[in-house]
Amino acid sequence: METQPITNFSEFREAIPKLVAHRVGGEVFPFAVPETDLLQVTEEARTHPQARIGQGERADRFSATLKTPEVDFQALPLEEAIKAPIHITVFQLGSMREKCGALAEVIEQIYLPVTSLWKDQGLSWQKVLPILFFSGPNCSTNYHCDPTGVLVVQLFGRKCYHSLKEPEKWCPLDLQEADGEEVKPADLKDSDILSFELNPGQALWSPWHAPHWVDAYDETAYTLSIAFWDMAPNPDPAAKMELL
């Protein structure tokens, strides 16, 4: 089950302060996502000097995502690497976003237009950053809460984003901000969970501090996650609107 998609900025403004995830489209995300090359993305991501490479083991806690891989992923032949069960995060895209980089067209056709459109619509934020999340077959970004609001744009393959219908019931804000590892509540039922299957070209709004986890299927998949710090539904003269 999932929530209704958000297709206009009036609905999106109402959703921004809340903790429930929604697909986005229509005037909020009217963009065609360009195709990317799996081989190029894999090679540039795994050799990126700031890449965070983990095992991506599916579990109830985030630390399992970051376990040291059992294989030397960077040394694998590329044809094997694109099928390896590995999780990669690249927070600073660097050369991947520059001319001829694996994500150059995504930056030009998605990241920059989204931030420009949302700014023109009066949304405000302190800073915004594009991040690559790369998941090998059956890998997961396990249960966690982000310190930002995130626009998740599926670039390649399929993922399933899971969140909670009543986030405050399971994860009160004071617990989210506590220093310690986030663990998926053991007594969650299917009826408590919102699940969104993301295919290439689809986008989803993941709110600030909303508990969630993301599973890849039996193929490699990756997303561009556009993280907005202190997103607000209205103009704010104190907002820096910094584009990273």
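These are my notebook entries on one helix, two pockets and a handful of single residues in a predicted model.

**Entry 1: helix α4**

I began with helix α4, which covers residues 104–120. I checked its length against what a helix should span. At 1.5 Å a residue, its 17 residues should span 24 Å, and I found its end C-alpha atoms 23 Å apart, so the two values agree. I then looked for a bend and found a kink of about 25° in α4, centred on proline 113.

Next I asked which residues of α4 are buried. I noted Ala104, Val106, Ile107, Ile110, Tyr111, Val114, Thr115, Leu117 and Trp118. I also looked up what covers these buried residues. The cover includes one helix segment, α1 (9–15). It also includes the strands β4 (127–135), β6 (149–156), β9 (203–206), β11 (221–229) and β12 (242–243). After the helix comes glycine 122, and I read its phi as positive, near 90°.

**Entry 2: threonine 115**

I picked one residue of α4 for a closer look, threonine 115. Its relative accessibility is 5%, so I put threonine 115 down as buried, the cut-off being under 20%. Leaving aside neighbours within four places in sequence, I found threonine 115 in contact with Trp125, Val128, Phe228 and Leu243. I also took one distance: threonine 115 and leucine 93 are 22 residues apart in sequence, and their C-alpha atoms are 17 Å apart in space.

**Entry 3: the largest pocket**

I turned to the pockets. The largest pocket holds about 460 Å³ of space. Which residues lie closest to its centre? Of the 26 that line the largest pocket, I noted Phe91, Phe133, His144, Asp146 and His212 as the closest.

I then sorted the lining by strand. β4, β5 (140–144), β6, β7 (159–164), β10 (212–216) and β11 each supply at least two residues. β11 gives the most to this lining, with four residues. By kind, I counted the lining of the largest pocket as 14 nonpolar, eight polar and four charged residues.

**Entry 4: the second largest pocket**

The second largest pocket has a volume of about 180 Å³. I listed its lining in order along the chain: Ile16, Pro17, Lys18, Thr148, Gly149, Trp205, Pro207, Trp208, Phe228, Trp229, Asp230 and Met231. These residues divide into eight nonpolar, two polar and two charged. Phe228 had already come up in my notes as a contact of threonine 115.

**Entry 5: proline 147 and histidine 209**

I located proline 147 in the loop between β5 and β6. Is proline 147 buried or exposed? Its relative accessibility is 55%, so proline 147 counts as exposed, the cut-off being over 50%. Not counting residues up to four places away in sequence, proline 147 touches Trp208 and His209. Trp208 is also among the residues that line the second largest pocket.

Histidine 209 sits in the loop between β9 and β10. With 10% relative accessibility, histidine 209 counts as buried. I took the C-alpha distance between histidine 209 and proline 147: the two are 62 residues apart along the chain and separated by 5.8 Å. For another distance from proline 147 I took threonine 65, which is 82 residues away along the chain, with 18 Å between the C-alpha atoms.

**Entry 6: positive phi values**

I made a note on backbone angles. Most residues other than glycine have a negative phi. Histidine 209 has a positive phi, near 65°. Asparagine 138 is not a glycine either, and I read its phi as positive, about 65°. I found asparagine 138 in the loop between β4 and β5. Its relative accessible area is 45%, so I entered asparagine 138 as partly exposed.

**Entry 7: leucine 188**

My last look-up was leucine 188, in the loop between α6 (173–176) and β8 (193–198). Leucine 188 has a relative accessible area of 16% and is buried. Which residues does leucine 188 touch, not counting those up to four places away in sequence? I found Leu164, Trp170 and Trp213. Leucine 188 and tryptophan 213 are 25 residues apart in sequence, and I put their C-alpha atoms 13 Å apart in space.

Terms used:
Residues numbered from 1 in each chain as written. Predicted model: local features only at pLDDT ≥ 70, side-chain atom pairs only at ≥ 80, totals over all residues. Heavy atoms only, no water. Expected span 1.5 Å × (residues − 1). Bend = angle between axes of the 7 residues up to and from the residue. Buried < 20%, exposed > 50% of the residue type's maximum accessible area, 1.4 Å probe, protein only. Contact = heavy atoms within 4.5 Å. 1 Å grid on protein atoms, 1.4 Å probe; cavity = no way out; pocket = protein on both sides within 12 Å on 5 of 7 lines; lining within 4 Å. Points joined across faces, edges and corners; volume = space filled by probe spheres on them. Nonpolar A, V, L, I, M, F, W, Y, C, P; charged D, E, K, R; others polar.
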